[in-house]
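Colleague: I am new to this structure and would like a close look at a single part of it. Could you choose one helix, take me through its surroundings, and then lead me outward from there?

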Amino acid sequence: MTHEPEKSDGSIVAGKPANDPGQPGSERVEPRGPAKGNTVQADTYRTQVRGSVPQGLERVRQAARKRKGERFTALLHHVDEAALHAAYLGLKRDAAAGIDGVTWQEYGEGLEPRLRDLHDRIHRGAYRARPSRRVFIPKPDGRQRPLGIAALEDKIVQSAVVRVLNAIYEEDFLGFSYGFRPGRSQHDALDALATGITRKKVNWILDADIRSFFDTVSHDWLIRFVEQRVGDRRIVRLIGKWLKAGVLEDGVLAESPEGTPQGAVISPLLANIYLHHVIDLWAHQWRQSHARGDVIMIRYADDMIAGFQHKADAERFLAALRQRLEQHSLALHPAKTRLIEFGRYAAERRRERGLGKPEPFDFLGFTHIAGRDRRGAFQLKRKTRRDRKRTKLQAIAQDLRRRWHHPVQEQGRWLGQVVRGYFNYHAVPGNLSALRGFLGDVRRLWWQALRRRSQKDRTSWAKLDRLAAAWLPRPTILHPWPDARFDRHHPRWEPGAVVPHAGFCAGGAG
């Protein structure tokens with residue numbers, strides 16, 4: 001590991017941004033002190049997982065935290081046989097095979113010799129990344145999302161490299177970045193967003209959608225961003241191999257001149273690195289330099305919500321964001337990016353101007369609505385997105401058709417697992433009616449499936465009631481109120497603090 005100082009011409013090597021015009025770089029990293037951050041901030045995360053981090057990676061983490069400008073020139077030795085073994089054990093057992101046709105169970109036969117050979121090829125430079133196998137999964141809007149299924153050995157190596165790089169980047173990523181990070185979940189992002197909207201002066205919401213993000217990432221920019229922290233050329237070459245491996249579809253190999261392979265183990269981390277440099281660091285500096293009021297921001301991968309006190313701030317930010325993205329080969333989706341009036345006083349102000357209710361917005365599977373509680377005070381309400389519910393019900397109906405002639409108890413056991421999984425995510429306060437509606441639709445689909453098993457079947461609703469009571473869970477709220485969970489994760493946060501613990505990510509004014 002080496003620490004390189006600033007150059008005399010103003011450009012910065014060793015992980016800090018290059019200020020030379022036209023050169024890819026990023027703004028300076030803001031040191032994250034103990035009073036900054038968002039849900040599951042770094043201090044909490046380190047406490048939770050430090051015991052499971054190998055000593056070598058813990059030293060990397062310590063160095064990354066203390067020396068923000070350090071480039072790590074020796075990292076590949078952390079990808080040893082033990083790391084590869086742990087990566088193999090961490091993979092999904094029932095995942096589909098890539099173009100090699102090898103499943104998790106098959107690779108486990110003679111595992112140790114296989115891992116020794118893989119380790120040897122990695123460190124000799126003989127390892128070759130294989131193309132991903134293209135598959136398509138349905139999106140809520142009816143379109144197909146392309147995914148690439150990597151070969152099993154590629155998954156193992158990528159997983160081991162991700163663990164090494166996380167030791168560095170988890171010390172760099174800012175508090176309002178939540179997507180696919182250790183110790184952070186979608187509900188952490190939802191909690192931070194709700195807390196920011198209800199506790200800060202938010203009157204305008206920017207719902208920003210990056211058009212085809214994973215398909216348009218510039219390889220050149222991405223590698224340059226990685227090289228700001230990673231000086232080990234062997235790691236950089238591995239990333240380049242995965243980016244260029246291509247996709248095999250119907251026996252035809254398609255090269256990948258841009259984008260990251262969706263579905264690959266390494267892709268979420270690479271996406272976070274890219275957006276950390278392109279959006280996060282820039283947005284934090286923009287708030288400090290240009291915002292005249294409160295600003296909040298939550299980013300989950302390429303899904304981003306920003307809230308503003310003043311409309312002028314929101315409009316200036318949106319214009320600057322468009323320009324920023326264009327400079328880095330990205331663009332906002334013109335139809336899906338919206339600036340809407342939303343917040344505590346939005347309904348009254350719109351009523352005074354003779355306008356309708358504030359428009360809702362969608363984020364992470366929920367429609368966010370500016371509502372009122374029983375006392376008439378502002379309350380952020382969250383309802384399951386209708387298109388997500390419809391897509392889930394369609395999938396259940398298709399699976400039920402394949403299970404028509406399975407024993408009723410087996411059907412009930414399977415449906416109970418599906419409904420519980422759905423409730424585990426969607427059972428947030430204020431969403432009980434949507435849960436009841438979903439359960440009612442599942443009961444109807446089950447009844448129809450049972451009736452179609454035979455022309456003589458006369459399954460009654462009374463019988464279905466008994467089956468549902470035996471196998472299907474009752475709708476109940478499983479998640480606490482978002483501000484309660486947010487405060488539990490951040491006991492030092494005080495609403496009246498000048499520089500609140502939530503910081504920029506949940507509306508910090510400091």
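Modeller: What follows starts at one helix and moves outward through its surroundings. Please keep in mind that this is a predicted model.

The helix I have chosen is α5, which covers residues 111-124 and has 14 residues. From its first C-alpha to its last it reaches 20 Å, close to the 20 Å expected at 1.5 Å a residue. Its buried residues are Leu111, Leu115, Leu118, Arg121 and Ile122. Seen down the axis of α5, these residues fall within an arc of 125°, so they line one face of the helix. The cover over that buried set includes α3 (81-90), α4 (104-108) and α6 (152-169). After the helix comes Gly125, whose phi is positive, near 80°.

From this buried face we can step to a residue that touches it, namely Ile156, whose contacts, leaving aside its neighbours within four places in sequence, include Leu115 and Leu118. The other residues in contact with Ile156 on that count are Leu84, Ala87, Tyr88, Leu91 and Tyr107. In soluble globular proteins, nonpolar side chains tend to be buried together. Here the largest nonpolar core has 79 residues, and Ile156 and Leu321 are those with the most contacts inside it. The largest share of this core, 12 residues, comes from helix α11, which spans residues 267-290. Apart from this core lies another, of 25 residues, among them Ile305, Phe342, Leu364 and Phe378.

Two of the residues just named lead to a set of paired strands. Leu364 is in the turn of the hairpin formed by β11 and β12, with two residues between the strands, and has a positive phi of about 50°. Strand β11 (residues 361-363) and strand β12 (residues 366-372) pair in the antiparallel sense over three bridges, with Phe363 standing opposite Phe366 in β12. On β12 there is a further pairing, since seven bridges join this strand to β13 (residues 378-384), and the two run antiparallel. In that pairing Phe366 stands opposite Thr384, while the hairpin of β12 and β13 has five residues between its strands, including Gly376, whose phi is positive at about 90°.

Going back to helix α11, we find His276 in it, and this residue is buried, with a relative accessible area of 2%. Leaving aside its neighbours within four places in sequence, His276 is in contact with Asp172, Phe173, Leu174, Leu281 and Arg299. Asp172 appears again among the charged residues, where salt bridges that share partners join Lys68, Asp172 and Arg229 into one network.

Side chains of opposite charge can pair when their charged atoms come close. A search of the whole structure finds 30 salt bridges, and one of them is formed by Arg485 and Asp191, with the closest N and O atoms 2.5 Å apart. This pair links distant parts of the chain, because Arg485 is in helix α18 (residues 482-489) and Asp191 in helix α7 (residues 186-199), 294 residues apart. Both partners are buried, Arg485 with a relative accessible area of 11% and Asp191 with one of 0%. As a further case, Asp220 forms a salt bridge with Arg224, the closest N and O atoms being 3.2 Å apart. These two are four residues apart in helix α9 (residues 219-227), so about one helical turn separates them. Asp220 is partly exposed, at 41% relative accessible area, and Arg224 also counts as partly exposed, at 31%.

How values were computed:
Residues numbered from 1 in each chain as written. Predicted model: local features only at pLDDT ≥ 70, side-chain atom pairs only at ≥ 80, totals over all residues. Heavy atoms only, no water. Expected span 1.5 Å × (residues − 1). Buried < 20%, exposed > 50% of the residue type's maximum accessible area, 1.4 Å probe, protein only. Arc of directions from axis to C-beta. Contact = heavy atoms within 4.5 Å. Core = buried A, V, L, I, M, F, W, Y, C linked by side-chain atoms within 4.5 Å. Pairing = 2+ DSSP bridges. Salt bridge = Lys/Arg side-chain N within 4 Å of Asp/Glu carboxyl O.
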